[in-house]
Amino acid sequence: MPTDLNESAESSSEERLSEQSLNERNYQLITQAIAELSAYFAGTLQQFTIPLFPLGTPFQRQVWEALGKIPYGEVISYQQLALLIDHPRATRAVGNANGRNPLPIIIPCHRVIASDGSLGGYSGGLRTKIALLEQEGFTITAEKKRLRVVPRESVLFQE
């Protein structure tokens, strides 16, 4: 009987250690996410390095992986994204996967716009998408009752 109690005490101790190390790892990841998001909004970080493991279908994960490759300060269309993942006829499905992105900002779905230059959608709302694009150097203009994304022109290089 003491053997069972010892085994029980040992496994309980191992579980506490395992839970403690998991909590420490979670704390480290949360701290890293906060630091990286703060740096992004301060304009000093352009590429997130926090490890990501988003849950989704294989197609969604493929789209989200491609989103992570869109450089800071650049936009592509939903059609270009579909071509990038070798599904040229899946523009609408790409848009749906974009909308199900569980980690917006870190997986930069705000960098995808309609092929005519208009904003398209954003799960966090268009005001948020506009703010994120402006954060990355774009200007949003209103043309023919549609919002369009245009690269911001630098005042430094104007003649």
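**Entry 1: helix α5**

I started with α5 and looked up its buried residues in this predicted model. They are K129, I130, L132 and L133. I then looked down the axis of α5. The buried residues fall within an arc of 165°, so they line one face of the helix. I noted the general rule as well: an α-helix has 3.6 residues a turn, so residues three or four places apart point the same way. Next I checked what comes after α5. G137 follows the helix, and its phi is positive, near 100°.

**Entry 2: helix α4**

I asked the same of α4. Which of its residues are buried? I found V94, A97 and N98. Down the axis of α4 these fall within an arc of 105°, so they too line one face of their helix. I turned to the side facing away from the buried one. It carries R92 and N96, both exposed. I also looked up what the buried residues of α4 pack against. The partners are α2, α3 and β2.

**Entry 3: H110 and E136**

I picked H110 next. It sits in the loop between α4 and β2. Is H110 buried or exposed? Its relative accessible area is 0%, so I logged H110 as buried. I listed its contacts, leaving out residues up to four places away in sequence. H110 touches Y40, I105, Y122, K129, L132, L133 and E136. Three of these names, K129, L132 and L133, were already in my list of buried α5 residues. I also checked H110 against L67, which is 43 residues away along the chain. Their C-alpha atoms are separated by 9.2 Å.

I followed the contact to E136. This residue is in the loop between α5 (126-135) and β3 (138-143). Its relative accessible area is 6%. That is under the 20% cut-off, so I put E136 down as buried. Which side chain does E136 meet in a polar contact? The partner is the side chain of H110, at 2.8 Å. I then listed what E136 touches beyond four places in sequence. The list is Y40, Y72, G73, H110 and R111. Y40 appears here and also among the contacts of H110.

**Entry 4: positive phi outside glycine**

I went through the backbone angles. Most residues other than glycine have a negative phi. I noted D86 for its positive phi of about 65°, although it is not a glycine. D86 lies in the loop between α3 (78-84) and α4 (91-99). Its relative accessible area is 64%, so D86 is exposed.

I noted I105 too. Its phi is positive, near 80°, and I105 is not a glycine. I found I105 in the loop between α4 and β2 (112-113). Is I105 buried or exposed? With a relative accessible area of 16%, I105 is buried. It is also one of the residues that H110 touches.

**Entry 5: the nonpolar cores**

I looked up the largest nonpolar core. It has 26 residues. Which of them touch the most other members? They are Y40, V63, L67, L81, V94 and V112. I then asked which elements supply two or more residues to this core. The answer is α1 (2-42), α2 (58-67), α3 and α4. The most come from α2, which gives 4 residues. Why does this core lie between two domains? Domain 1 (1-51) and domain 2 (58-155) both give residues to it, so it lies between them.

I took L81 as one member and listed its contacts, leaving aside neighbours within four places in sequence. L81 is in contact with V63, A66, L67, I76, V94 and V112. Apart from the largest core I found another, of 7 residues. Its members include I130, L133, I140 and V149. I130 and L133 are also in my list for α5.

**Entry 6: the whole chain**

I finished with totals. The protein chain has 5 helices and 4 strands. Along the sequence I read the pattern α-α-β-α-α-β-α-β-β. How much of the chain is buried? Buried residues make up 31% of the 159 residues. I also checked the contacts with a separation of 6 or more. Residues 24 or more positions apart account for 52% of them. Last, I looked up the accessible surface. It comes to about 10700 Å², of which 55% belongs to carbon and sulfur atoms.

Key
Residues numbered from 1 in each chain as written. Predicted model: local features only at pLDDT ≥ 70, side-chain atom pairs only at ≥ 80, totals over all residues. Heavy atoms only, no water. Buried < 20%, exposed > 50% of the residue type's maximum accessible area, 1.4 Å probe, protein only. Polar contact = N/O pair within 3.5 Å; in protein donor to acceptor, adjacent residues only side chain to side chain. Contact = heavy atoms within 4.5 Å. Core = buried A, V, L, I, M, F, W, Y, C linked by side-chain atoms within 4.5 Å. Domains from an automatic or database assignment. Areas by Shrake-Rupley, 256 points an atom, 1.4 Å probe, with all protein chains shown as cover. Arc of directions from axis to C-beta.
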